Amino acid sequence: MNMRIGHGLDVHQLVLGRKCIIGGVEIPFDKGLDGHSDADVLLHAICDALLGAAGLGDIGKHFPPSDNKFKGIDSRELLRHVVALLKIKSYVVNNIDATVICEAPKLSPHTAQMCANITADCDVDVTQVNVKATTTEKLGFTGRGEGIAAEAVCTIVKN
Ligand SMILES: Nc1ccn([C@@H]2O[C@H](COP(=O)(O)O)[C@@H](O)[C@H]2O)c(=O)n1
Ligand SMILES: C[C@@]1(CO)OP(=O)(O)OP(=O)(O)OC[C@H]1O
């Protein structure tokens, strides 16, 4: 079996006046994530993991922040586009495991919906996607609530 592994990391700043969208779920919170797109830190980490696994570069290469057509874009569209790029190279997603790093908001009530969104966009079964959350015990920029980070690993296979 031709299996490849990928890793992605993303960080977005928490600011007033923006929505907090993580894994395609709008989470009630007093601050939101800043960015050119909807700033969905989790989906961006997953896009980078998938692109890395396929040897296709990174998210900024495919969706440049200098391009106005990506302004405010729903990152689920970006993820679906990445999955289509993999398909062109005959790759399908085998599994994804991701961690969102923030002190707040509490994410565990929302991880099942995030998994459902990612599952749908990657055209896989719910058993192939896992999303977790952790704090950094109040340490660092995530601990101070200045931003949210996400990491993802994935495997893809050639079908
Ligand atoms: N933003 C977060 C962070 C954590 N969780 C959940 O709490 C558990 C314990 O987190 P620690 O950082 O103290 O290890 C973690 O395993 C998550 O289930 C969360 O829901 N939202
Ligand atoms: C997603 C893109 C789209 O223009 O913009 P941002 O929302 O700024 O997100 P980032 O994680 O910095 O990745 C770069 C861009 O591809």
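Q: What makes β5 and β6 count as paired strands, and in which sense do β5 and β6 pair?
A: In this predicted model, β5 and β6 pair in the parallel sense over six bridges. Two bridges are enough for strands to be called paired, so the name applies here. One of the positions involved is T99, whose bridge partner in β6 is K132. The chain passes from β5 through α4 to β6, forming a right-handed β-α-β crossover.

Q: Why is this β-α-β crossover from β5 through α4 to β6 called right-handed?
A: The strands are viewed pointing away from the viewer, and a clockwise path from the first strand over the helix to the second is called right-handed. The crossover from β5 through α4 to β6 is assigned to this hand. Helix α4, residues 111-122, lies across β5 (91-101) and β6, at about 145° to β6.

Q: How do you know that β7 pairs with β1 and with β5, and in which sense?
A: Eleven bridges join β1 (residues 3-15) to β7 (residues 147-158), and these strands run antiparallel. Within this pairing, Q13 has G147 as its bridge partner, and R4 has I156. β5 and β7 also pair in the antiparallel sense, over ten bridges. There V93 stands opposite I156, and Y91 has K158 as its bridge partner. Both bridge counts meet the minimum of two, so both are pairings.

Q: What makes β4 and β6 the edge strands of the sheet?
A: The sheet is open and has five strands in the order β4-β1-β7-β5-β6, with mixed pairing. β4 (32-33) and β6 (129-134) each pair on one side only, and they are the edge strands.

Q: Why is α1 called roughly parallel to α3?
A: The axes of α1 (residues 41-53) and α3 (residues 75-88) come within 9 Å and cross at roughly 10°. An angle under 35 degrees counts as roughly parallel, and therefore α1 is roughly parallel to α3.

Q: Which residues make the contact between α1 and α3, and how do they divide by class?
A: From α1 come L43, H44, I46, C47, L50 and L51, and from α3 come S75, R76, L78, L79, V82 and L86. By class, this contact has nine nonpolar, two polar and one charged residues. R76 is the charged one, because Arg belongs to the charged class.

Q: Which residues surround ligand 2, and what makes one of them count as charged?
A: The residues around ligand 2 are D10, G35, H36, S37, A39, H44, I59, G60, F63, P65 and F70. They divide into five nonpolar, five polar and one charged. Asp is classed as charged, so D10 is that residue.

Q: What makes the phi of A39 stand out?
A: Phi of A39 is near 65°, a positive value in a residue other than glycine. A39 lies in the loop between β4 and α1.

Q: Which residues surround ligand 1, and what makes one of them count as charged?
A: C102, K106, L107, S108, A133, T134 and T135 are the residues around ligand 1. This shell has three nonpolar, three polar and one charged residues. Lys is classed as charged, so K106 is that residue.

Q: How do you know that the peptide bond joining A104 and P105 is cis, and where is P105?
A: Omega for the bond between A104 and P105 is about 5°, and the bond is cis. P105 is placed in the loop between β5 and α4.

Technical notes: Residues numbered from 1 in each chain as written. Chains lettered and ligands numbered in written order. Predicted model: local features only at pLDDT ≥ 70, side-chain atom pairs only at ≥ 80, totals over all residues. Near = placed C-beta within 6 Å. Helix = DSSP H or I, 4+ residues; strand = E, 2+ residues; numbered from the N terminus. Contact = placed C-beta atoms within 7 Å. Axes fitted to C-alpha atoms, helices over the stretch in contact; angles between N-to-C directions. Parallel < 35°, antiparallel > 145°, perpendicular 65-115°, else oblique.
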